[in-house]
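Me: I am new to this structure and would like to go through it step by step. Could we take the chains in turn and then look at how they meet?

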Amino acid sequence: MKKNMIEKKKKAVRDFFAILPHSQSLGMGIDFIRDGEVGMSMPYDSRLIGDPQTKVIHGGAVFALLDTCCGAAAMSHPDQVGPTATIDLRVDYMRPAAPNQRIKAIATCYNLTKNVAFVRAVALDDNEKKPVAMAAGAFVTGN
Amino acid sequence: MVKLSPEPVALIKKRRNEALSKLIESIPYISFLGVGFDRRGDEITAILPFNENLIGNPSLPALHGGSIAAFLEISAIIELSWMQIWRQIEDPDPSTGSPKDLGDISLPKTIDFSVDYLRSGLPRDAYARATVNRAGRRYSSVHVEAWQDNRNKLFAQGTGHFLMPVKN
């Protein structure tokens, strides 16, 4: 019974995030959903270039991926019911993402209170040993 | 010393508009989002015209947090670069007396960016203005405010640090 509930919840999160117009226009896809942990990724696209000299994707696109992934992680937490909204999100850009490589994000909701979900995330390209960016944020919870 | 007659206004405007366009058109992601800029003297306002692709939650509907963040980060980077370009094109070269030519533009790189979502973004146009609070040789600190219908009712604000391009 409980297992059914969890599967239902994961499906709800998957369905919710599959149809967000802005996420779709960036080509984001869900890689996995676990309890309070979500993986998402986004293909390299020359329309998203932020620096023409280096062909590196704009930070804003990486921010969008991390924000979406963090929101999904908050929603997939076992104690969270319904949608969430971002209160604030900070992204540290540690190195430029390599051109022509898919960008993956993994977000974890590490604490959930009555009103707030605390989430952190990491963005990676093919070199998974060195993160491209890291994010930390707070999301509204409850219903 | 010979007193120079003032430069014709049309020439000044042309130089400034061309420099700003060159900067904006060099970044594909700006046209992907559809961001435009309004210039009054050295002050620029970024404009994000509403379009369906910017939506996050379609049932509200509200702008996606990611499109808001990207809009703010773009505003900050353009403001920073514009400040540098302004100095370059408006301070005449001492040897020739004419404004320096704008070569290849090297952009600042974001170190970190933090967005405060104050209220949900409505499905309509948004505006943003950035303030450079520290303009250092190595890094700069920029604050951005964004609003929709009311200038004093911000729907998002952001703060970021940027690594400055090395001057040649």
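**A conversation about two chains**

Reply: We may begin with chain B, where 62% of the contacts with a separation of 6 or more are between residues 24 or more positions apart. Please note that this is a predicted model.

Me: What are the ipTM and pTM that the predictor gives the complex?

Reply: The complex receives an ipTM of 0.93 and a pTM of 0.93 from the predictor.

Me: And what pLDDT does chain B average?

Reply: The average pLDDT of chain B is 91, and 92% of its residues score at least 70.

Me: Staying with chain B, how many helices and strands are there?

Reply: Chain B contains three helices and six strands. Their order from the N terminus is α-α-β-β-α-β-β-β-β.

Me: What box do its C-alpha atoms fill, and what share of chain B is buried?

Reply: Along the principal axes, the C-alpha atoms of chain B occupy a box of roughly 65 × 35 × 30 Å. Buried residues account for 34% of the 168 residues in chain B.

Me: Which strands does strand 2 of chain B pair with?

Reply: Strand 2 of chain B, residues 43-48, pairs with strand 1 of chain B, residues 36-40, in the antiparallel sense through five bridges. Strand 2 of chain B is also joined to strand 4 of chain B, residues 126-135, by three bridges, and this pair is antiparallel as well.

Me: Which residues stand opposite each other there?

Reply: Between strands 1 and 2, Asp38(B) stands opposite Thr45(B). Towards strand 4, Ala46(B) has Ala128(B) as its bridge partner.

Me: Which residues of strand 2 are on the covered face, and which on the uncovered one?

Reply: Ile44(B), Ala46(B) and Leu48(B) form the covered face of strand 2 of chain B. The uncovered face consists of Glu43(B), Thr45(B) and Ile47(B). Thr45(B), the residue opposite Asp38(B), is thus found on the uncovered face, while Ala46(B), the partner of Ala128(B), is on the covered face.

Me: What about the hairpin of strands 1 and 2?

Reply: That hairpin of chain B has two residues between its strands, and Gly41(B) takes a positive phi near 60°.

Me: Where is the cis peptide bond in chain B?

Reply: The cis peptide bond joins Leu60(B) and Pro61(B), with omega at about -15°. Pro61(B) belongs to the loop between strand 2 and helix 3 (65-90) of chain B.

Me: Now chain A. How is it built?

Reply: Chain A has three helices and eight strands. Along the sequence they follow the pattern α-α-β-β-β-β-α-β-β-β-β. The radius of gyration of chain A is 15 Å, close to the 15 Å given by the globule rule for 143 residues, so chain A is as compact as a globular protein of that length.

Me: How much of chain A is buried?

Reply: Of its 143 residues, 46% are buried. In helix 3 of chain A, 17 of the 17 residues are buried. This helix reaches 24 Å from its first C-alpha to its last, close to the 24 Å expected at 1.5 Å a residue.

Me: Which residues of chain A, other than glycine, have a positive phi?

Reply: Lys55(A) is one of them, with phi near 65°; Asn100(A) is another, with phi near 70°. Lys55(A) lies in the loop between strand 3 and strand 4 of chain A, and Asn100(A) in the loop between strand 5 and strand 6 of chain A.

Me: Why does Lys55(A) count as partly exposed?

Reply: Lys55(A) counts as partly exposed because it has 15 C-beta neighbours inside 10 Å, and a count above 12 but below 20 falls in that class. Asn100(A), with 11 other C-beta atoms within 10 Å, is exposed.

Me: Finally, how many residues are in contact between chains A and B?

Reply: There, 32 residues of chain A are in contact with 31 residues of chain B. Helix 2, strand 3, helix 3 and strand 5 of chain A each supply at least two residues of the side of chain A that touches chain B. Strand 5 of chain A gives the most, with nine residues. By class, that side has 15 nonpolar, 11 polar and six charged residues.

Me: Which strand of chain B is joined to strand 5 of chain A?

Reply: Strand 3 of chain B, residues 109-117, is joined to strand 5 of chain A by five bridges, and the two run antiparallel. In this pairing, Asp88(A) stands opposite Asp116(B).

How values were computed: Residues are numbered from 1 along each chain as its sequence is written. Chains are lettered from A and ligands numbered from 1 in the order in which they are written. This is a predicted model: local features need pLDDT of at least 70, side-chain atom pairs count only at pLDDT 80 or more; totals for chains, interfaces and linings use all residues. Helices (H or I, at least four residues) and strands (E, at least two) are DSSP runs, numbered from the N terminus. The radius of gyration is taken over C-alpha atoms; the globule rule is 2.2 Å times the number of residues to the power 0.38. Two residues are in contact if their C-beta atoms, placed from the backbone, lie within 7 Å. Ala, Val, Leu, Ile, Met, Phe, Trp, Tyr, Cys and Pro count as nonpolar, Asp, Glu, Lys and Arg as charged, and the others, Gly among them, as polar. Two strands pair if DSSP finds at least two bridges between them. pLDDT is the predictor's confidence in each residue, from 0 to 100. The expected span of a helix is 1.5 Å times one less than its number of residues.
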